[in-house]
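Here's a quick briefing for anyone opening this structure for the first time. Have a look at the model below, then read on.

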Amino acid sequence: MRYDQIIYYPPFERHSLLLQVTSGCSYNQCAFCNMYKTVDFEVIPMKEILADLKDAAGYNPYTERVFLIGGEPLCLPFEQMKELLIQIKKYLPYCASVSMYASIKIFEIKR
């Protein structure tokens, strides 16, 4: 993983595989949040995400939880997210949960 920013994740995800999908937040205007104020938003190329996933699977193929890091992983287009989830299941067959942070704004866009 090539993430060089502070990684934010819930405490109950401490045993999860952290897989970077985005850097920063696509909205980044919430008055109550300053987590990504100094980080420009970008979607990590799928090639890099899959390389990190394959590398992590080599260390622990029995991983049961994956947490997608970045401020807005759910902003990925449906087909790209679907492919990512298929690849997670392929490389981590014991994975039972994939979670991430998401902004309510992204749900308005995806309707």
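What follows is a short tour of the sheet, the two helices and the aromatic pairs.

Keep in mind that this is a predicted model. A good place to begin is an open sheet of three strands, in the order E1-E4-E5. Helix H2 lies across those strands, and H1 has buried residues that are covered in part by E1 and H2.

**The sheet**

- The three strands E1, E4 and E5 pair in parallel fashion.
- E1 and E5 sit at the edges, each pairing on one side only.
- On average, and ignoring direction, neighbouring strands here are turned by 25° against each other.
- If you want to trace the pairing of E4 with E5, look for four bridges between these parallel strands. One place to look is Arg-65, whose bridge partner in E5 is Ser-97.
- As background, strands in a sheet pair through backbone hydrogen bonds, and the pairing can be parallel or antiparallel.

**Helix H1**

- H1 covers residues 46-59, which makes 14 residues. From first C-alpha to last it reaches 20 Å, close to the 20 Å expected at 1.5 Å a residue.
- Which residues of H1 are buried? They are Met-46, Ile-49, Leu-50, Asp-52, Leu-53, Ala-56 and Ala-57.
- Looking down the axis of H1, these buried residues fall within an arc of 160°, so they line one face of the helix.
- Turn to the face pointing away from the buried side of H1 and you'll find the exposed residues Lys-47, Gly-58 and Tyr-59.
- The cover over the buried residues of H1 includes strand E1 (17-20) and helix H2 (78-91).

**Helix H2**

- H2 lies across E1, E4 and E5, and runs at about 145° to E4.
- Its 14 residues should span 20 Å at 1.5 Å a residue, and the end C-alpha atoms of H2 are indeed 20 Å apart.
- The buried residues in H2 are Met-81, Leu-84, Gln-87 and Ile-88. They take up an arc of only 125° around the axis, so they sit on the same side of H2.
- Over on the other side of H2, Phe-78, Glu-79 and Lys-90 are exposed.
- What do the buried residues of H2 pack against? The answer is E1, H1, E4 and E5.

**Aromatic pairs**

- How many aromatic pairs does the structure hold? There are three, and two of them are described here.
- Tyr-8 and Tyr-36 make an edge-to-face pair, with 5.4 Å centre to centre and 75° between the planes.
- Tyr-8 is in the segment before E1, while Tyr-36 is in the loop between strand E2 (22-23) and strand E3 (42-43), so this pair ties together parts that are 28 residues apart in sequence.
- Of these two, Tyr-8 is partly exposed, at a relative accessible area of 23%, whereas Tyr-36 is buried, at 4%.
- Tyr-62 and Tyr-94 form a tilted pair, because their ring centres are 5.0 Å apart and their planes are at 45°.
- Tyr-62 belongs to the loop between H1 and strand E4 (65-69), and Tyr-94 to the loop between H2 and strand E5 (97-100), so the pair ties together parts that are 32 residues apart in sequence.
- Tyr-62 is exposed, with a relative accessible area of 55%, while Tyr-94 counts as partly exposed at 49% relative accessibility.

Notes:
Residues numbered from 1 in each chain as written. Predicted model: local features only at pLDDT ≥ 70, side-chain atom pairs only at ≥ 80, totals over all residues. Heavy atoms only, no water. Helix = DSSP H or I, 4+ residues; strand = E, 2+ residues; numbered from the N terminus. Expected span 1.5 Å × (residues − 1). Buried < 20%, exposed > 50% of the residue type's maximum accessible area, 1.4 Å probe, protein only. Arc of directions from axis to C-beta. Contact = heavy atoms within 4.5 Å. Phe/Tyr/Trp six-rings, centres within 6.5 Å; stacked < 30°, edge-to-face > 60°. Pairing = 2+ DSSP bridges. Axes fitted to C-alpha atoms, helices over the stretch in contact; angles between N-to-C directions.
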